[in-house]
Amino acid sequence: MYVDLHCHSTASDGMLTPAGVVTRAHERGVGVLALTDHDTLDGLPEARACAAALGIELVDGIELSCTWAGATIHVLGYGFAPDAPALQRAIAALHEGRWARSEEIDRRLAAKGMPGCLEGARMVQQERGESGNAPSRPHFAEFMVRAGFVKDHAQAFQRWLGAGKLGDVKQHWPTLESTLDTLRDSGASISLAHPCHYDFTRTKRRKLVAAFVEGGGHALEVSNGPQVDSQVGMLANLAREFGLLASAGSDFHGPRQWSELGSYRAPPADVALLWPRLTRQEHPIA
Ligand code: AMP
Ligand code: MN
Ligand code: MN
Ligand code: MN
């Protein structure tokens with residue numbers, strides 16, 4: 001696909017540096033890319049410089065963590081003013097919260113006989129790229145594999161780090177409502193990330209979308225990486241019904257993982273897209 005509005009670098013939990021992500025996207029034919037690291041803008045200056053050198057359009061992006069009805073929800077913001085005070089304040093709070101959270105994850109895992117996880121996760125993270133941000137759960141998972149605490153990444157999440165498990169510490173996230181306020185106050189276009197990734201019934205998912213609309217959101221991410229056609233169709237229907245635009249992206253985290261830059265299923269042709277709001281270009285999505 002020519003447009004990819006969702007990917008990660010070493011500024012959060014990706015495997016490639018921001019310049020590495022932009023270069024790979026360019027090689028794969030992506031012409032409009034949004035870097036959407038978790039809760040940080042740290043990767044954007046390097047990504048912008050690389051994009052300018054290669055002639056690919058970079059849209060400023062972020063994937064913010066928040067809570068709604070007891071669950072962790074991800075919201076994508078695009079095209080904001082990066083120095084907007086509301087956004088800067090929210091990111092500073094998330095930065096602090098993420099460090100406190102990583103210490104809590106470390107304590108909880110140590111209490112279960114797995115010492116040194118924060119230090120180890122930090123080591124994994126720094127191997128991939130210098131970052132002042134707290135390590136995130138995939139860094140913990142990688143260290144837990146290396147330390148022999150689990151057999152693989154999947155088991156780390158199934159047993160310890162996945163939704164509802166001991167290491168899924170989420171008390172530090174702000175509410176969905178306040179996150180939407182922050183993004184709107186910063187001039188962002190806002191999309192609800194991967195609405196099928198949450199372990200919700202259909203009814204609860206509709207309630208989430210209704211709360212997102214109520215809070216001033218603009219788009220649904222109808223296509224995320226290898227997500228199947230039936231879910232893309234269902235989410236496109238939800239977008240139409242709620243009067244939301246559609247966004248799409250690979251959610252790339254690294255080579256040979258579950259998704260690749262520029263790869264996702266195309267949204268149905270008749271659904272209104274978010275990305276023309278974000279770019280001056282007039283290219284088709286595919
Ligand atoms: P964090 O930002 O620390 O909450 O970590 C969230 C990230 O962990 C997600 O963006 C994914 O990259 C990864 N993740 C979350 N749940 C799982 C899972 N069940 N299996 C593998 N990776 C996961
Ligand atoms: Mn991630
Ligand atoms: Mn996400
Ligand atoms: Mn993501």
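User: Which side chains meet in a salt bridge at 2.8 Å, N to O?

Analyst: This is a predicted model, in which local features need pLDDT of at least 70, side-chain atom pairs count only at pLDDT 80 or more, and totals for chains, interfaces and linings use all residues. Residues are numbered from 1 along each chain as its sequence is written, chains are lettered from A and ligands numbered from 1 in the order written, and side-chain values use heavy atoms, with hydrogens and water left out. A salt bridge is a side-chain nitrogen of Lys or Arg within 4 Å of a carboxyl oxygen of Asp or Glu, and the count between domain 1 and domain 2 is one. The side chains that meet at 2.8 Å, N to O, are D39 and R98.

User: How many residues of domain 1 are in contact with domain 2?

Analyst: The domain assignment, automatic or from a database, gives domain 1 as 3-89 + 188-277 and domain 2 as 91-161. Contact means heavy atoms within 4.5 Å. On the domain 2 side 12 residues take part, and on the domain 1 side the number is 18.

User: Which three residues supply 36% of the area that domain 1 buries against domain 2?

Analyst: Buried area is the accessible area (1.4 Å probe) that two parts lose on being put together, summed over both. The two domains bury about 1,200 Å² between them, with 49% of it on carbon and sulfur atoms. The 36% share of the domain 1 side, more than any other three residues supply, comes from T10, D13 and D39.

User: Which residues are the protein donors of the manganese ion (ligand 2)?

Analyst: Donors are N, O and S atoms within 2.8 Å of the metal (3.2 Å for Na, K and Ca); water is not among the atoms, so sites may look incomplete. The spacing along the chain is D-x24-H-x214-H. At 2.1 to 2.2 Å from the ion, the donors are D13 (OD), H38 (NE2) and H253 (NE2).

User: Where do H8 and E63, donors of the manganese ion (ligand 4), lie?

Analyst: The manganese ion (ligand 4) is coordinated at 2.1 to 2.3 Å by H6 (NE2), H8 (NE2), E63 (OE) and D251 (OD). Helices (H or I, at least four residues) and strands (E, at least two) are DSSP runs, numbered from the N terminus. The pair H8 and E63 ties together parts that are 55 residues apart in sequence, because H8 lies in the loop between β1 and α1 and E63 in strand β3.

User: How far apart are the manganese ion (ligand 4) and the manganese ion (ligand 2)?

Analyst: The manganese ion (ligand 2) is 5.7 Å from the manganese ion (ligand 3). From the manganese ion (ligand 4) to the manganese ion (ligand 2), the distance is 4.7 Å.
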